[in-house]
Amino acid sequence: MWQIVLLSAIVGLIIYMFYTHYILPLYHFKSKDIPHPKAKIVFGNVLDDWYHGSHVNQIRNIQNFGRVYGTLIGTVPIIWISDPDMIKEITTKKFHCFVNRHQDIPLTIDVLCYGIVIARDERWKRIRRILSPTFSTSKLKQALVVINDTSQQVVDNLIHSLSSEECHQTQAINYTKMYTTAILKSTLANSFGVYSDITRDGKLGKAIHTIFHNQGSAVMLASISPFLTKYFAKLIPGTFEAFNVLDDTVKQAIRARRKENPSNRRKDLLNLLLESQDSETLSEKEISAQATTFLLGGYESTRNTLIFATYLITTHPEIQQKLIDEIDSYSPDQESLTYDVISKLPYLDMVVSEVLRLYPSFPEISRDVEQDVTIAGVKLCKGDAIKIPVYGIHRDSEFWPNPEKFLPERFSAESTQKRHNCCYLPFGLGPRSCIGLRLALFTIKVFLVKQLQQFEFKVCEQTVTSLEIEAKASLSPLSDLFVQIVKRK
Ligand code: HEM
């Protein structure tokens, strides 16, 4: 008899757990009166993203469900908000209620947990305060020297490949490959003063690629059961090895720097981190974590934006010509390319802004709700997760007429003034926005100007007619970009 009672209790418990864990979340948004696409049991809406791409779904969902809608990542409810006034409240005005970023996959890797991107509350505030001076104008001016060197190497290599007889002053270049190496070198040199060719075997670039691109499977596994994520995460192909490669690189750079006389050290990111440790504000783990974060965050996004920019400039010759005319009048040669000149070029700024509108490296921004709060009549509760569909907003015809078109003029001072400033968010907004914004824009601009001083980009046979993209942890091109370069003078 007691066996039957025990069995019934176990079965009852399993049914109850299944019901609360997998069935109840399906009704979460109904009870809150938030519109939402139909979700599947266990997976929620993850399979839609898997099939169609999360960036494509952002556009569809905004069209079908409006400026506030819900989706389930497995069993975890996410509230998506694309109303500019609400975004301003969340990212800026009521920042104290939304200090922390939401994590879809609670990975327990030190380099992530101790890094600024994942750090929460007081720890985040302390780290941000320590890191902020790295991106001051004077630090950026120092960075220009390194960016100039690495971009000059790119130009020299291109000139070299053109000067070989068989090319007849034109050459099809694999820009994906080229930017991968160049931006990795620039990031390593700028952040850690590492100039040795540790990028040669391609291990580091591959490791970073793995981390960004295997995330889809992690989300899929996490959706089955968030409790088991940390065990599943170990099964994601290559991810842990990739983090080890990164960790080794960073630790190697730290060891090398510590051997140097402190008074002779370069005043770069690594130095700032080590100095802050001297006053016991950053632990050893935190130092490695910030260094790794900068390598991860800075490299992938800058590289991808340069690939997208090169693709768009190549396929829009009239825009390219306008850009070349501007460059010729402000900075016709290497010597004239100073920090002040780069900061001034108005059309270049419009072009890069428009590239980032069409292809924002991070297609969504997330926040956790830290306390109950009502925004524009929508009640948000402590523990809710919020996402801002950056890609969807950037391609919303209400804010951007003809959203698929590459039109840098959208960013003229006049047009910008007429637009709500919260419908353009490639670097996020508010106190938690991208700390590397100016460094990233600067790097992208220097690489473009240096090349356009010397060459024109032209479509060649291998250039894809439409650039396919995928949105995982970052938005990236699916195939390699080939462009023909032609010497200008
Ligand atoms: C085109 C290049 C880049 C883009 C599009 C980009 C975009 C972003 C976005 C959207 C965020 C989240 C903002 C938010 O939640 O409101 C972010 C955060 C961050 N980015 Fe960037 N980023 C770029 C380059 C860089 C570079 C070069 C670095 C550093 C060297 C960097 C370091 C960071 C860090 C540390 C954070 C976290 C900030 C915090 O939590 O306080 N990023 N970035």
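So, secondary structure: this chain comes to 21 helices and 11 strands. Keep in mind, please, that what's on the screen is a predicted model. The chain has 489 residues, and 42% of them count as buried. Now take the contacts between residues with a separation of 6 or more: 76% of those come from residues 24 or more positions apart.

Okay, on to one of the sheets. In what order do its 4 strands sit? Going across, you read β1, β2, β7, β4, and the sheet is open, with mixed pairing. Which strands are at the edges? Those are β1, residues 68-73, and β4, residues 365-368, and each of them pairs on one side only. If you look at how neighbouring strands sit against each other, they're turned by 30° on average, ignoring direction.

A quick reminder for anyone new to this: strands in a sheet pair through backbone hydrogen bonds, and that can be parallel or antiparallel. Let's walk across and see which we get.

Start with β1 and its partner β2, residues 76-81. These two are antiparallel, with 6 bridges between them. One pair to click on is Gly-70 with Ile-79 of β2, which are bridge partners.

Next step, β2 to β7. Here the strands run parallel, and 3 bridges join them. Ile-79 turns up again, this time with Ile-386 in β7 as its bridge partner. So you can follow Ile-79 from Gly-70 on one strand to Ile-386 on another.

Last step, β7 to β4. We're back to antiparallel, with 4 bridges. Look for Ile-365, which stands opposite Ile-388 in β7.

What lies across this part of the sheet? Helix α5, residues 84-93, lies across β2, β4 and β7, where β7 is residues 385-388. Compared with β2, helix α5 runs at about 115°.

Now for a pair of helices. Find α16, residues 317-330, and then α21. Their axes come within 10 Å of each other and cross at roughly 90°. An angle from 65 to 115 degrees counts as roughly perpendicular, so that's what we call α16 relative to α21. Who makes the contact? On the α16 side you have Leu-323, Ile-324 and Ile-327, and on the α21 side Val-449, Leu-452 and Gln-453. Sort those by class and you get 5 nonpolar, 1 polar and no charged residues.

Hang on to α21, because we need that helix for the ligand. How many residues are around the ligand? There are 25, and the ones that come nearest are Gly-298, Ser-301, Gly-428, Cys-434 and Gly-436. Which helices help build this shell? Both α15, residues 284-314, and α21, residues 437-454, supply at least two residues each. The largest share is from α15, with 7 residues. And the mix of the shell by class is 12 nonpolar, 10 polar and 3 charged.

One last stop, a single residue: Lys-40. You'll find Lys-40 in the loop between α2, residues 28-32, and α3, residues 46-52. Is Lys-40 buried or exposed? Somewhere in between: a residue needs 20 or more other C-beta atoms within 10 Å to be buried and 12 or fewer to be exposed, and Lys-40 has 14, so Lys-40 is partly exposed. Lys-40 and Leu-26 are 14 residues apart in sequence, and their C-alpha atoms are 7.8 Å apart in space.

That's my tour, thanks.

Key. Residues numbered from 1 in each chain as written. Predicted model: local features only at pLDDT ≥ 70, side-chain atom pairs only at ≥ 80, totals over all residues. Near = placed C-beta within 6 Å. Nonpolar A, V, L, I, M, F, W, Y, C, P; charged D, E, K, R; others polar. Pairing = 2+ DSSP bridges. Axes fitted to C-alpha atoms, helices over the stretch in contact; angles between N-to-C directions. Contact = placed C-beta atoms within 7 Å. Parallel < 35°, antiparallel > 145°, perpendicular 65-115°, else oblique.
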